[in-house]
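Biologist: I would like a close look at one part of this protein. Please walk me through that part and what surrounds it.

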Amino acid sequence: MKIEGDTIVFKSGKSFFEKERSGKKPNTVRMVEYDEYKKIINLYGAEGLTKIRIELVEKPSECFERELTDISLVGIFCGKVCFVFSWRHEE
């Protein structure tokens, strides 16, 4: 995970990447460290995070960007924080 301005960036493997890009699966579940959790909560709450970019693991230059519609906290597991990031699929 990285944050670039108003965009949160994740990498996905080929099978998930294709589903996410096509809109079949307009969300991603991610486990983040506690310090990352605090950044996400602070930025999203202040409307500082408005977009998500998903990069293909095997070829990071292949990516797509979408408007975030929701960030939901699922819970804390084994010391990591689980989120669901959802976006609006562009037709």
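**Helix 2 and its surroundings**

Modeller: Y34 and Y37 sit in helix 2, three residues apart, about one turn of the helix. This is a predicted model. The ring centres of Y34 and Y37 are 5.2 Å apart and the planes stand at 40 degrees, so the pair is tilted. Y34 is partly exposed, because its relative accessibility is 48%. Y37, in contrast, is among the buried residues of helix 2.

Now the helix as a whole. Helix 2 covers residues 34-45, twelve in number. From first C-alpha to last it reaches 16 Å, close to the 16 Å expected at 1.5 Å a residue. Its buried residues are E36, Y37 and I40. These cover an arc of only 105 degrees around the axis, which puts them on the same side of helix 2. N42 and G45 are exposed, on the other side of helix 2. A general rule helps here. An α-helix has 3.6 residues a turn, so residues three or four places apart point the same way. After helix 2 comes E47, with a positive phi near 60 degrees.

What do the buried residues of helix 2 pack against? Their partners are strand 2 (7-12), strand 3 (27-32), strand 5 (59-77) and strand 6 (80-88).

Next, the sheet itself. It is an open sheet of six strands, in the order 1-2-4-5-6-3, with mixed pairing. Strand 1 (2-4) and strand 3 stand at the edges. Each has a single partner strand, so one side of each is left without a neighbour in the sheet. From one strand to the next, the twist averages 40 degrees.

Take the two edges in turn. Strand 1 pairs with strand 2 in the antiparallel sense, over three bridges. In that pairing, I3 has I8 of strand 2 as its bridge partner. Helix 1 (residues 14-22) packs on the sheet and touches strand 2, strand 3, strand 4, strand 5 and strand 6. The direction of helix 1 makes about 90 degrees with that of strand 5. Helix 2 packs on the sheet too, touching strand 1, strand 2, strand 3, strand 5 and strand 6. The direction of helix 2 makes about 35 degrees with that of strand 6.

At the other edge, strand 3 and strand 6 pair in the antiparallel sense over six bridges. V29 has V84 of strand 6 as its bridge partner. Strand 3 has two faces: T28, R30 and V32 are covered, while N27, V29 and M31 are uncovered.

Back to the aromatic rings. The structure holds six aromatic pairs. One of them joins F10 and F85, with 5.0 Å centre to centre and 55 degrees between the planes, a tilted pair. F10 lies in strand 2 and F85 in strand 6, so the pair ties together parts that are 75 residues apart in sequence. Both rings belong to buried residues: F10 has a relative accessible area of 4%, and F85 has 0%. The tyrosines of helix 2 join this group, because F10, Y34, Y37, F83 and F85 form one aromatic cluster.

One more strand deserves a look. E55 lies in strand 4 (residues 51-56). E55 counts as buried, because its relative accessibility is 7% and the cut-off is under 20%. Beyond its neighbours within four places in sequence, E55 is in contact with K2, V9, F10, K11, S12, F17, P60, E62 and C63. That list includes F10, a member of the aromatic cluster.

How values were computed:
Residues numbered from 1 in each chain as written. Predicted model: local features only at pLDDT ≥ 70, side-chain atom pairs only at ≥ 80, totals over all residues. Heavy atoms only, no water. Helix = DSSP H or I, 4+ residues; strand = E, 2+ residues; numbered from the N terminus. Expected span 1.5 Å × (residues − 1). Buried < 20%, exposed > 50% of the residue type's maximum accessible area, 1.4 Å probe, protein only. Arc of directions from axis to C-beta. Contact = heavy atoms within 4.5 Å. Pairing = 2+ DSSP bridges. Axes fitted to C-alpha atoms, helices over the stretch in contact; angles between N-to-C directions. Phe/Tyr/Trp six-rings, centres within 6.5 Å; stacked < 30°, edge-to-face > 60°.
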